[in-house]
Amino acid sequence: MRRKAEDLRRDGRRIAVVPTMGALHDGHLALLRAARGQADVVILTIFVNPTQFGPNEDLARYPRDETGDIAKARTCEIDLAFCPDASVMYPAGAQTFVEVRELQKPLCGASRPGHFAGVATVVAKLFHITQPHVAVFGEKDYQQLAIIRRMVRDLDFAVEIASVPIVREADGVAMSSRNAYLSSEQRRAARSLSAGLAAARAAFAAGERRAAPLVAAASAPIIAEPEIRIDYVELRDAEELTPIEQVERPAVLALAAFVGTTRLIDNRVLGPG
């Protein structure tokens, strides 16, 4: 893969990479289409990264369909698919990790210790291997996107980070590979996550700027669902992810919740106007 990337760069080709863990859905395909519009060569990576899963998380049962994923990706005219084994990505004795210290602490980082060190490390490795000019990520994983942007800035990666808005189902549920775990009743209950964020956005549009009422508006529909247990609903500064009491600059209203045993995330960015 590295030799191929070196050849492409030598030929003056602009490379885009879309890192994924597979189980592709329309949200991933939106990333690939965006990449197609920004580069001469689009590389899809598929790697279920073990270092970003905790000991009690779903690594073993995480959905995998490499053949089906590549078939879907072909509809977006990808040029290359890089699908390494864990033994290649993490050779025996590997002990080096990348940490974005402060951005990894709140939100998902508080309940998933070590998760974002695994994310930053594998993305850094994929950048070294695929040598892209631009990498495309989804805004659903907002904290991940913020961490990758900061890592690129802090470590002087010559990679532009592009983002694509959340792709949602017709009923508002954010597309996620983990939606496949949900029963029909849980899938119905999952609508409350986007419904809560929509309620908060409506309150914001009506002039509400205080964090507590916005968080309460987002939480109310979720609390009403017996199938769901909230992990967090928080309003944070959009860049630094620090807690705020009032929206005076761009902010992100982010949430995570367990729908049955499946942990889902979602967010809305609120502007200061």
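1. The bridge partner of L235 in strand 7 is L253. This pair belongs to a set of 9 bridges that join strand 6 to strand 7, residues 251–259, and the two strands run antiparallel. The structure under review is a predicted model, and local features are reported for it where pLDDT is at least 70.

2. Strands 6 and 7 are part of an open sheet of 3 strands. The order across the sheet is 6-7-8, with antiparallel pairing. Strand 6 (228–237) and strand 8 (262–270) form the edges, each pairing on one side only. From one strand to the next, the twist averages 15 degrees.

3. What lies across the sheet strands? Helix 9 (residues 191–205) lies across strand 6, strand 7 and strand 8. Relative to strand 8, helix 9 runs at about 15 degrees.

4. Helix 9 and strand 8 also come together in the lining of the largest cavity, to which each of them supplies at least two residues. Strand 8 gives the most to this lining, with 3 residues. The residues lining the largest cavity include L193 and S194, as well as L264, I265 and D266.

5. How many cavities of 30 Å³ or more are there? The count comes to 1 cavity at that cut-off. The space in the largest cavity is about 60 Å³. As general background, rolling a probe the size of a water molecule over the atoms shows where empty space is left.

6. The rest of the lining of the largest cavity is made up of K140, V173, A174, M175, S176, N179 and A190. By class, the lining has 7 nonpolar, 3 polar and 2 charged residues. K140 and D266 are both among the lining residues.

7. A separate point concerns V100. This residue lies in the loop between helix 4 (86–89) and helix 5 (108–111). Is V100 buried or exposed? V100 is classed as buried because its relative accessible area is 10%, and the cut-off for buried is under 20%.

8. Which residues does V100 touch, leaving aside its neighbours within four places in sequence? V100 is in contact with I147, R150 and M151. As for D11, which is 89 residues from V100 along the chain, the C-alpha atoms of the two residues are separated by 34 Å.

9. To recap, two places in the model deserve a look on screen. One is the largest cavity, with helix 9 and strand 8 both contributing to its lining. The other is V100, a buried residue in the loop between helix 4 and helix 5.

Terms used
Residues are numbered from 1 along each chain as its sequence is written. This is a predicted model: local features need pLDDT of at least 70, side-chain atom pairs count only at pLDDT 80 or more; totals for chains, interfaces and linings use all residues. Side-chain values use heavy atoms; hydrogens and water are left out. Two strands pair if DSSP finds at least two bridges between them. Helices (H or I, at least four residues) and strands (E, at least two) are DSSP runs, numbered from the N terminus. Axes are lines fitted to C-alpha atoms, for helices over the stretch in contact, and angles run from 0 to 180 degrees between N-to-C directions. Contact means heavy atoms within 4.5 Å. On a 1 Å grid over the protein atoms alone, a cavity is a set of points where a 1.4 Å probe fits but cannot get out, and a pocket is an open set with protein on both sides within 12 Å along at least five of seven lines; lining residues have an atom within 4 Å of a point. Grid points are joined across faces, edges and corners, and a volume is the space filled by probe spheres set on the points. Ala, Val, Leu, Ile, Met, Phe, Trp, Tyr, Cys and Pro count as nonpolar, Asp, Glu, Lys and Arg as charged, and the others, Gly among them, as polar. Buried means under 20% relative accessible area, exposed over 50%, partly exposed in between (1.4 Å probe, protein chains only).
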